[in-house]
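Visitor: I should like to go through this model and hear the reasoning behind each label that is applied to it.

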Amino acid sequence: MTKVKVEAGPFVFDAVLEEENAPETCAAIKAALPFESQFVHVRWSGEGVWVPLGDLDFGVTYENHTSYPAPGQMILYPGGISETEILLAYGGVHFASKMGQLAGNHFLTLTSGLENLHALGTRCLWEGAQALKITLAEG
């Protein structure tokens, strides 16, 4: 089980990669670490924050995919009818785009700092984009 650190806005979360259920997605994400971008609030999906990635190709297809990630679950939409994106649920999410319902690969689960998850989401909603950095955990 690979542990990672997720820094989002002023918050730090411990997390694990879901390698057993999404091995190809996790391998692609590990190859992209450290990953730096920004979270912005979702437009159609409910209580989530996302990273729009345009036509970036991680070279994966569907595995361990869901349209309803639970709070603290991060998913990767590998592209197709909508752009590639990463989404983190902080509350109720029904993953969608202007093209309709989507499904993304659940590849990461936050394991600490969950008490700050809702604050991250509302901060993105009311204050705008928040810095995101995902790195391998030390130790």
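Visitor: What pattern does the chain follow when read along the sequence?

Guide: This is a predicted model. Read from its start, the chain runs β-β-α-β-β-β-β-β-β-β-β-α-β, which comes to 2 helices and 11 strands.

Visitor: Why is the chain called as compact as a globular protein of its length?

Guide: The globule rule gives 14 Å for 139 residues, and the radius of gyration of the chain is 13 Å; the two are close, so the description applies. Along the principal axes, the C-alpha atoms fill a box of roughly 40 × 35 × 20 Å.

Visitor: What share of the contacts with a separation of 6 or more joins residues 24 or more positions apart?

Guide: Such residues account for 70% of those contacts.

Visitor: Why is the pair of Phe11 and Phe13 called tilted?

Guide: Ring centres must lie within 6.5 Å to pair, and planes under 30 degrees apart count as stacked, over 60 as edge-to-face and the rest as tilted. The centres of Phe11 and Phe13 are 6.4 Å apart and their planes stand at 45 degrees, so the pair is tilted.

Visitor: How do you know whether Phe11 and Phe13 are buried or exposed?

Guide: Buried means under 20% relative accessible area. Phe11 has 14% and is therefore buried; Phe13, at 0%, is buried as well.

Visitor: What makes the pair of Tyr77 and Phe95 edge-to-face?

Guide: The angle between the planes of Tyr77 and Phe95 is 70 degrees, and their centres are 6.0 Å apart. Planes over 60 degrees apart count as edge-to-face, so the label follows. Both Tyr77 and Phe95 are buried.

Visitor: Which parts of the chain does the pair of Tyr77 and Phe95 tie together?

Guide: Tyr77 belongs to strand β6 (residues 73–77), whereas Phe95 sits in the loop between β7 (85–93) and β8 (96–97); the pair therefore ties together parts that are 18 residues apart in sequence.

Visitor: Why is Asn64 called partly exposed?

Guide: Partly exposed lies between the cut-offs of 20% and 50%. Asn64 has 30% relative accessibility, so it counts as partly exposed. Asn64 is found in the loop between β4 (46–52) and β5 (65–66).

Visitor: What is notable in the backbone at Asn64 and at Pro34?

Guide: Most residues other than glycine have a negative phi, and most peptide bonds are trans. Asn64 has a positive phi of about 50 degrees although it is not a glycine. The peptide bond from Leu33 to Pro34 is cis, with omega near -5 degrees, and Pro34 lies in the loop between α1 (23–31) and β3 (35–41).

Conventions
Residues numbered from 1 in each chain as written. Predicted model: local features only at pLDDT ≥ 70, side-chain atom pairs only at ≥ 80, totals over all residues. Heavy atoms only, no water. Helix = DSSP H or I, 4+ residues; strand = E, 2+ residues; numbered from the N terminus. Rg over C-alpha atoms; globule rule 2.2 N^0.38 Å. Contact = heavy atoms within 4.5 Å. Buried < 20%, exposed > 50% of the residue type's maximum accessible area, 1.4 Å probe, protein only.
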